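Here's a quick walk through a two-chain model, written for someone who likes to check geometry against the coordinates. Have the structure open while you read.

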Amino acid sequence: MEAFNNLMYGFGIALEPINILYVFAGVFAGTVIGMLPGLGPISALALMIPLTFGMEPSSGLILMAGVYYGAIFGGSTSSILLNAPGVAGTVATSFDGYPLAKQGQAGKALAIAAYASFIGGTVSIIFLMLVAPLLGRVAVSFGPAEYFSLMVLGLTAVVSLSDKSLVKGLIAAVVGVMISIMGIDLQTGTERFTFGTAHLLDGIEFLVVALGIFALAEVFYMLLKGGGGKEQPRNAIGSLKLSKQEIRQIAPPVGRSSILGFFTGVLPGAGATIGSFLGYSMEKRLAKDGDTFGKGNIKGVAAPESANNAACTGSFVPLLTLGVPGSGSTAVLLGALLVMGVSPGPAMLVDRPDVFWGVVASMYLGNIFLLVLNLPLIPLIAKILDLPRPLLLALILIFCMIGVYGMSFSVFDLLLLLGFGLLGLGMRLFGFPAAPLILALILGDIMEESMRRALQISGGDWSIFIDKPISMWLLIIAALSLVLPLAKKVMVKARG
Amino acid sequence: MTRLNSNQVIALLLAVVSVGYLAMAWQIPAFPLPRPIDSDLFPKVLGFMLLGLSVLLFLEKPQAQDVPEELDPEEQQLPLLLRPWTRVVITALALAAYALLLVPVGFVLTSVALVFGLAAYYGYRRHWINFATALGVVLGLYLTMTRIMGVYLPTGVLPI
């Protein structure tokens, strides 16, 4: 009953005309940016942050959340029509979506993706409403030692679950923390790594790094890979209708994958991408016609699409209740919230219920908007994929530049943005994952503060981190998350 | 002498960076009042971690994903100004010029020039559509940011 009352309170906020507009703008922008091959949800979020300047935090988060789940929703369109996933979380969708499109059934695949995403998103919001307050109550007892360990776990999980080298992931995370602690140390007033310039006294804004490492680096990468003019032909859409038998076929996978996806999203490090692959492989194993997966099986579209949207919503649980993001995308969301002056965490449910329940209620609305955008309007929206690539790249560049300048009014930051764009390109070319860097950038100074506060409480005794059971277990899991992939590698080598 | 692989070259660069970082960390002044940990501890831990990870990277054999893919041979045959790496360099230079000219010349002019110029350089040949899009988007952004969001953008030489 309490959850229902809170939800009604949330609807009171989400249904304000201006917030309805923000939900629509967010999911529309997310759908469009998510659809464009190469630009994932992190770029979409980073590009949209400047729009939240001066907004009410609840409105800002409603907009940004819409961009995030809109990008996951929209990513399926390019996966199905072009076999070029706009978002990593929709790669699994292309396994069966693209073969369906090649068989002239792109409309059917898009319709399945839209229904599955809608149900995955909606089911997971119900779980979010129920699980988040419970976790919030547990998290109230967390002290600085537990927070420090939780953040260490968040970082190691993101590093270990990335598909790239573990060492490179850790390097990216360390560099991210290094960047985050630049500037004046707020506890002592000491300058650190400012190189004597006043521009760095406040440190480096996370938006400069996020836009540089993701959006700008992506443009540079596309330029290297022939982004100058080559357009990819896309499949025609065709009919969007589904038969009753097809609906009966996809219903069980959608239900199962929605639940699986939500709980995958809650785990640190495992977001929409892992959720979608887990959903896909689970259904492939369970299906009697598993051998047709990869050749245009409609269940192979339904499962990853419901799982990735559910995981996207699930990832809001640690962000909003613990204040610790579990992925690069939610790290950018946390950054946006911090810019708006809101610190998510267990206290937010009590201090700022408008932000939490407003965004939860807005998700219901957003999912309905997305269904409308992705079903009757999809033939129209898919025309965005025909936008000339040279013009698109030039426009992304200007959005990046104006996003940074509009925040800091600093030419120095524009040059830094360029530097981070080139760094991001180098990272991409040499196999360094970018998500750990951005997560570490957001968490770095909070981690340091938690560590120092914990040590202040213990009088400098480091055993505080293992004396507290929750902290100890979090650190053990963090260590295991790094050791297990290595152990697995060694075992595979020994066998082979 | 054996040639270093890409991981080893990056590892050496990172090792140099970490040593420089550690040297700077040691110069962080101590806080006058005694505290369990001071401002320099965390950076020192980070510096040593990066150094250790550089050693591990040096020993790690690069996988396929750690080496840049070959660029399209057809694109490599293009005139120098249109080759992939040249596109990146020219874009970077254009962005640097944009940053430096933004305040003196103004947001509208520099932004229209950047969008129009780069789109044309990347190969978009419908110049009128290019110009109309660049002008429309930039003016739209300018008016949204200055009139609705109250964000100041440099007017430069234009009296708007």
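What follows covers the chain B fold, its annotated segments, the interface with chain A, and one helix of chain A. Keep in mind that this is a predicted model.

**Chain B overall**

Let's start with chain B, which has 6 helices and 0 strands. Reading from the N terminus, its elements go α-α-α-α-α-α. How does its radius of gyration compare with the globule rule? The value is 24 Å, whereas the rule gives 15 Å for 160 residues, so chain B is more spread out than a compact globule. The C-alpha trace spans about 60 × 55 × 20 Å along the principal axes of chain B. As for burial, 28% of the 160 residues of chain B count as buried. If you take the contacts in chain B between residues at least 6 apart in sequence, 58% of them link residues at least 24 apart.

**Annotated segments of chain B**

An unreviewed UniProt entry puts the annotation "transmembrane region" on residues 80–101 and 131–153 of chain B. Here's how the model treats those two stretches:

| Segment of chain B | Helix | Strand | Distance between end C-alpha atoms |
|---|---|---|---|
| Residues 80–101 | 82% | 0% | 26 Å |
| Residues 131–153 | 78% | 0% | 21 Å |

**Where the chains meet**

Now for the interface: 49 residues of chain A are in contact with 57 residues of chain B. On the chain A side, helix 8 (166–180), helix 9 (206–224), helix 18 (389–408), helix 19 (411–429) and helix 20 (435–458) each bring at least two residues to the side that touches chain B. Which of the helices gives the largest share? That's helix 18 of chain A, with 11 residues. Sorted by class, the side of chain A that touches chain B holds 31 nonpolar, 12 polar and 6 charged residues.

**Helix 11 of chain A**

Finally, a sanity check on helix geometry. Helix 11 of chain A takes in the 15 residues 272–286, and at 1.5 Å a residue it should span 21 Å. Its end C-alpha atoms are 21 Å apart, so the model agrees with the expected span.

Is helix 11 of chain A mostly covered or mostly uncovered? It's mostly covered, with 11 of its 15 residues buried. The buried set has a run from A:Ala272 through A:Thr273, A:Ile274, A:Gly275, A:Ser276, A:Phe277, A:Leu278 and A:Gly279 to A:Tyr280. A:Glu283 and A:Lys284 are buried in helix 11 as well.

How values were computed
Residues numbered from 1 in each chain as written. Chains lettered and ligands numbered in written order. Predicted model: local features only at pLDDT ≥ 70, side-chain atom pairs only at ≥ 80, totals over all residues. Contact = placed C-beta atoms within 7 Å. Helix = DSSP H or I, 4+ residues; strand = E, 2+ residues; numbered from the N terminus. Nonpolar A, V, L, I, M, F, W, Y, C, P; charged D, E, K, R; others polar. UniProt positions renumbered as here; feature names shortened; annotations may be inferred. Expected span 1.5 Å × (residues − 1). Buried ≥ 20, exposed ≤ 12 C-beta atoms within 10 Å, placed from the backbone. Rg over C-alpha atoms; globule rule 2.2 N^0.38 Å.
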